Amino acid sequence: MSCCDRIMPRDEEERLAQERGFESFLPFLADATEIAICAHTSPDGDALGSQLALAELVARRWPAAHVTTLLADNQAAPHIYSFLPGFDGLVRPEDYTATPDLFVAVDLSDTHRLNEAQAICERSRHAIVIDHHPTQHPFGDQAVVRPEAAAAGVIVAEFAQFLGVDITSTMAQNLLCAIITDTGRFQYQNSNGEAFKVASLLVDCGANPSEISLNVYQSFGLAFLHLKSLVLGRITTFERGRIAYSYATQSDFARTGANLDECDGLIDVVRSVEGSEVALFLKAVPGGKVRGNLRSKGCWDVSQVAKAVGGGGHRAAAGFTWEGDIDEALVAVLPLLRTMLSEDPAKTKGDDCS
Ligand code: 5GP
Ligand code: MN
């Protein structure tokens with residue numbers, strides 16, 4: 001099995017910056033005995049796949065270190081990802097008492113997204129960051145933050161190559177899951193040549209795409225499908241169909257018995273409306289809050305809208321948490337989307353999304 005094809009950013013400057021970043025990680029990793037690797041709150045396939053693969057990579061390259069894969073939240077990670085190699089070893093922040101020499105943050109650039117693990121990051125001697133979210137203020141002693149990468153998993157795969165460590169089949173499976181989920185099965189705007197190239201390499205290294213698909217996209221419980229039908233039934237459009245939104249209330253969850261963490265894919269149902277350019281999905285979460293997902297199909301930058309209500313993310317995929325109920329969140333967010341769509345019609349289907 002050949003895992004030696006070079007994978008790297010296509011842009012020379014980006015490639016050099018990434019290599020300098022990787023280089024700068026080395027002393028921190030080499031000097032650390034206790035290492036905690038953590039991804040963002042409400043982890044998705046990229047968060048979990050990247051952190052699990054990175055933990056295996058670090059353990060192979062620095063076998064003397066004690067590596068913990070840490071969750072950001074004091075609750076179990078979504079069950080649909082339980083097939084990922086290493087999933088059972090994930091540790092909740094409340095169960096982690098050590099003081100890490102090194103905290104490695106993956107798939108996040110904002111310390112707030114560490115949720116309950118933030119205190120562990122703060123007590124760590126050092127921190128490094130591997131991420132692909134645009135940020136003005138990367139934290140940590142060193143960071144590789146490359147928004148052009150389709151997934152954090154792309155960067156982790158390139159870090160393995162940089163280190164000269166073979167990508168095992170278990171690392172490959174975690175990383176392929178990261179890329180498949182963050183590109184929406186290679187359907188979103190971030191599905192660039194690099195993502196396909198890394199994915200191809202990962203399959204050569206033993207990743208199994210059909211196992212990922214079976215677990216993440218073809219194993220829904222009936223309760224979830226019933227919730228999905230409610231969400232489908234109330235999709236509403238605005239601005240002559242350019243904005244599509246839907247939501248799931250607390251009573252929907254109670255009625256159907258669906259789990260909150262099963263809802264990741266519902267925004268894709270909303271964005272599938274013909275002619276819609278931006279999509280919003282809201283779900284009621286415990287504590288009187290609402291989680292919002294925003295997606296853009298053209299060049300609209302929905303991360304600006306997410307930021308305006310305290311969230312963040314990428315141009316085409318962003319999210320936020322609203323303190324209040326669904327009606328209030330709609331009243332706040334729909335006008336922002338409307339204003340954005342009135343700004344520059346050239347962005348509707350333009351190619352220049354920079
Ligand atoms: P999702 O809508 O799937 O939760 O998130 C879409 C993208 O936006 C992901 O890359 C995610 O990391 C980012 N994102 C989601 N919610 C937040 C948030 O509250 N703050 C920030 N900074 N980013 C978010
Ligand atoms: Mn990601």
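**Exercise 1. The metal site**

Starting from the spacing D-x60-D-x24-H-x49-D, which describes the donor residues of the manganese ion (ligand 2) in sequence, work out which residues and atoms are the protein donors of this ion, and where in the fold Asp46 and His132 lie.

*Solution.* The structure is a predicted model, and the steps below should be read with that in mind.

Step 1: the pattern D-x60-D-x24-H-x49-D corresponds to the protein donors Asp46 (OD), Asp107 (OD), His132 (NE2) and Asp182 (OD), which lie 2.1 to 2.3 Å from the manganese ion.

Step 2: Asp46 belongs to helix 2 (residues 45-61), whereas His132 sits in the loop between strand 4 (126-131) and strand 5 (142-145), so this pair ties together parts that are 86 residues apart in sequence.

Step 3: with a relative accessible area of 0%, Asp46 is below the 20% limit and therefore counts as buried, and His132, at 1%, is buried as well.

**Exercise 2. Backbone angles in one loop**

For Asp107 and Asn115, state what the sign of phi is, where each residue is placed, and whether each is buried or exposed, or partly exposed.

*Solution.* Step 1: most residues other than glycine have a negative phi.

Step 2: Asp107, which is not a glycine, has a positive phi near 65 degrees, and Asn115, also not a glycine, has a positive phi of about 45 degrees.

Step 3: Asp107 is located in the loop between strand 3 (102-106) and helix 3 (118-123), and Asn115 is likewise found in the loop between strand 3 and helix 3.

Step 4: Asp107, one of the donors of the manganese ion, is buried with a relative accessible area of 1%, while Asn115 is partly exposed, its relative accessible area being 35%.

**Exercise 3. The surroundings of ligand 1**

Describe which residues come nearest to ligand 1, what the composition of its shell is, and where ligand 1 lies with respect to domain 1 and domain 2.

*Solution.* Step 1: there are 14 residues around ligand 1, and those that come nearest are Arg113, His133, Arg291, Asn293 and Arg295.

Step 2: by class, the residues of this shell divide into three nonpolar, seven polar and four charged.

Step 3: strand 9 (289-296), strand 10 (312-313) and strand 11 (317-323) each contribute at least two residues to the shell, and strand 11 gives the most, with four residues.

Step 4: on the polar side, a nitrogen atom of ligand 1 is 3.2 Å from a polar backbone atom of Gly312, a nitrogen atom of ligand 1 is 3.5 Å from a polar backbone atom of Gly313, and an oxygen atom of ligand 1 is 3.1 Å from an N or O atom in the side chain of His314. Of the 490 Å² of accessible area that ligand 1 has on its own, the protein covers 83%.

Step 5: because domain 1 (12-216) and domain 2 (222-348) both give residues to the shell, ligand 1 lies between them.

**Exercise 4. Helix 2 and the loop that follows**

Determine which backbone atom the side chain of Ser50 reaches, and how Trp62 and Ala30 are separated in sequence and in space.

*Solution.* Step 1: Ser50 is placed in helix 2 and is buried, with a relative accessible area of 0%; its side chain reaches the backbone nitrogen of Gly153 at 2.9 Å.

Step 2: Trp62 lies in the loop between helix 2 and strand 2 (66-70), and with a relative accessible area of 10% Trp62 is buried.

Step 3: although Trp62 and Ala30 are 32 residues apart in sequence, their C-alpha atoms are 6.9 Å apart in space.

How values were computed: Residues numbered from 1 in each chain as written. Chains lettered and ligands numbered in written order. Predicted model: local features only at pLDDT ≥ 70, side-chain atom pairs only at ≥ 80, totals over all residues. Heavy atoms only, no water. Donors = N, O, S within 2.8 Å, 3.2 Å for Na, K, Ca; no water. Buried < 20%, exposed > 50% of the residue type's maximum accessible area, 1.4 Å probe, protein only. Near = heavy atom within 4 Å. Polar contact = N/O pair within 3.5 Å; in protein donor to acceptor, adjacent residues only side chain to side chain. Areas by Shrake-Rupley, 256 points an atom, 1.4 Å probe, with all protein chains shown as cover. Nonpolar A, V, L, I, M, F, W, Y, C, P; charged D, E, K, R; others polar. Domains from an automatic or database assignment.
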